[in-house]
Amino acid sequence: MQETEIQQLVARHPLLQQMAALQPVTWFNPRATTLQAGLPYVGLSAEDVADAERRLARFAPYLSAAFPETRAANGMIESPLVAIPAMQQALDLRYGLALRGRLWLKKDSHLPISGSIKARGGIYEVLAHAEKLALEAGLLTLTDDYATLFSAPLREFFSRYRIAVGSTGNLGLSIGIISARLGFDVSVHMSADAREWKKQQLRDNGVTVVEYAEDYGVAVEQGRRQAADDPRCFFIDDENSRTLFLGYAVAGGRLKRQFDLQGIRVDAQHPLFVYLPCGVGGGPGGVAFGLKLAFGDHVHCIFAEPTHSPCMLLGVYSGLHDGIAVQDLGIDNHTAADGLAVGRASGFVGRAMERLLSAFYTLDDGEMFALLGLLDRQEGIRLEPSALAGMAGPWRLAADHAWLRERGLSAERMAQATHLVWATGGGMVPEAEMAKYLAAARAAQ
Ligand SMILES: *Cc1c(COP(=O)(O)O)cnc(C)c1O
């Protein structure tokens with residue numbers, strides 16, 4: 001964008017000044033509306049999510065066979081839900097405000113196969129592509145036992161096809177592992193912030209890793225270009241893929257069943273607040289879509305981003321979506337929260353979801369590290385920095401009485417609220433890396 005355009009934009013949108021100065025901000029979305037009014041803009045329906053659920057059910061026997069760690073859950077890739085009362089108490093002290101309601105953690109950090117939220121969307125999209133190829137080739141029918149895909153002839157068939165993806169790390173890890181296991185020839189284009197151990201793990205799994213000195217946007221562009229030259233190569237488009245989005249959305253109905261088992265109610269008297277770390281937007285956007293379908297207007301979705309990479313807040317708040325990048329404001333997109341190091345948000349997700357998201361906020365890297373250390377000490381749960389972004393959310397929300405009042409969220413209702421922090425990654429971080437994170441956490445207290 002041009003300098004004068006930026007100046008005019010900042011004049012009309014005062015929050016941009018604070019964002020450019022890297023100050024943590026909280027923004028309540030004035031365009032947030034009801035599910036009924038917002039749904040038509042998504043362009044996807046409950047039936048699309050049900051279709052994704054059925055596809056994952058067809059693949060369950062394959063996943064059980066190919067990934068023994070999924071066997072206990074019969075080939076379903078799902079994560080535990082846990083209450084974190086000691087963390088809640090510690091954060092009441094840290095933020096000087098006693099939170100009403102109960103704090104829970106959704107441990108996508110401990111999803112099987114790749115240990116991050118990307119084990120939902122990323123794996124789903126590869127499975128959908130593999131199914132399509134095998135069906136078209138007459139090697140599979142919808143009623144077959146998909147465990148047959150875990151066989152030498154099918155692996156040989158898939159090895160004639162290629163898959164490419166650009167990633168800050170976790171998406172590449174998910175897509176690389178599942179693609180290689182199916183037999184595909186897979187290349188992962190990794191941005192500069194991607195961790196070395198993630199690249200090594202991919203190479204160990206037989207994945208081609210292409211490294212870039214630039215950020216996520218460049219890695220994606222190069223991956224896209226490589227795929228465009230090769231009709232046998234399928235490019236997984238993290239910025240625009242509806243398939244990826246639907247893979248994430250399946251989480252909504254599954255969470256509802258987990259809540260039912262735990263006896264957690266969600267209705268007008270028992271509101272649900274979900275805090276989701278946001279990078280390009282597909283993961284949190286897709287999960288939020290699924291949550292809205294499952295819980296309607298009783299769930300409020302809040303996105304969290306680093307002060308150095310607030311791309312979705314910038315896109316939605318300015319209304320420019322993917323027409324603006326954080327770099328246009330002079331923000332550097334450098335953050336230790338590598339899963340969130342994205343300068344330009346998905347235009348698809350921003351436009352689809354902007355009416356269904358209640359609030360956005362930013363926090364700095366030091367805060368994420370402090371929360372990382374606190375969660376380790378209080379609950380013995382270890383996450384990667386990105387996954388802590390949602391943890392500050394309940395206290396940001398609770399501090400804004402006007403917003404709660406306008407929505408009829410009285411003290412009595414809030415006392416019965418469920419606050420769910422979506423822990424998006426960290427389950428596969430090697431010991432030595434985790435030791436470095438914990439050292440940074442001690443320094444950040
Ligand atoms: C990718 C990722 C996110 C955010 O997902 P997007 O689809 O990029 O918005 C959050 N946390 C972690 C750990 C991630 O890897």
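Student: In this predicted model, where is Asn 333 found, between which two helices?

Tutor: Asn 333 isn't part of either helix; look at the loop that links them. The helix on one side covers 311-318 and the one on the other side covers 347-353. So Asn 333 is found in the loop between helix H14 and helix H15.

Student: Is Asn 333 buried or exposed?

Tutor: Buried means under 20% relative accessible area. Asn 333 falls under that cut-off, so it counts as buried, at 2%.

Student: And which side chain does the side chain of Asn 333 make a polar contact with?

Tutor: Follow the side chain of Asn 333 to a partner 2.7 Å away. That polar contact is side chain to side chain, and the partner is Ser 309.

Student: Let's move to the ligand. Which residues come nearest?

Tutor: There are 16 residues around the ligand. The ones that come nearest are Lys 118, Asn 170, Gly 281, Gly 283 and Thr 424.

Student: Which ligand atom does the polar side-chain atom of Thr 424 lie 2.7 Å from?

Tutor: Start with Asn 170, where a polar side-chain atom lies 2.7 Å from an oxygen atom of the ligand. For Gly 281 it's a backbone N or O atom, 2.7 Å from an oxygen atom of the ligand. With Thr 424, a polar side-chain atom is again involved, and its partner in the ligand is a nitrogen atom.

Student: How much of the ligand's accessible area does the protein cover?

Tutor: On its own, the ligand has 370 Å² of accessible area. The space taken by the ligand is the largest cavity. As for the share of that area covered by the protein, it's 98%.

Student: Which helix gives the largest share of the shell around the ligand?

Tutor: By class, the shell has 5 nonpolar, 9 polar and 2 charged residues. The largest share from one element is 3 residues, and the element spans residues 282-295. That's helix H13.

Student: What is phi of Ile 113 near, and is the residue buried or exposed?

Tutor: Most residues other than glycine have a negative phi. Ile 113, in the loop between strand E3 and helix H6, has a positive value, near 80 degrees. Its relative accessible area is 7%, so Ile 113 is buried.

Student: What about Leu 22: what is its phi near?

Tutor: Leu 22 is found in the loop between helix H2 and strand E1. At 31% relative accessibility, Leu 22 counts as partly exposed. Its phi is also a positive value, near 65 degrees.

Notes: Residues numbered from 1 in each chain as written. Predicted model: local features only at pLDDT ≥ 70, side-chain atom pairs only at ≥ 80, totals over all residues. Heavy atoms only, no water. Near = heavy atom within 4 Å. Polar contact = N/O pair within 3.5 Å; in protein donor to acceptor, adjacent residues only side chain to side chain. Areas by Shrake-Rupley, 256 points an atom, 1.4 Å probe, with all protein chains shown as cover. 1 Å grid on protein atoms, 1.4 Å probe; cavity = no way out; pocket = protein on both sides within 12 Å on 5 of 7 lines; lining within 4 Å. Sits in = over half its atoms within 2 Å of the grid points. Helix = DSSP H or I, 4+ residues; strand = E, 2+ residues; numbered from the N terminus. Nonpolar A, V, L, I, M, F, W, Y, C, P; charged D, E, K, R; others polar. Buried < 20%, exposed > 50% of the residue type's maximum accessible area, 1.4 Å probe, protein only.
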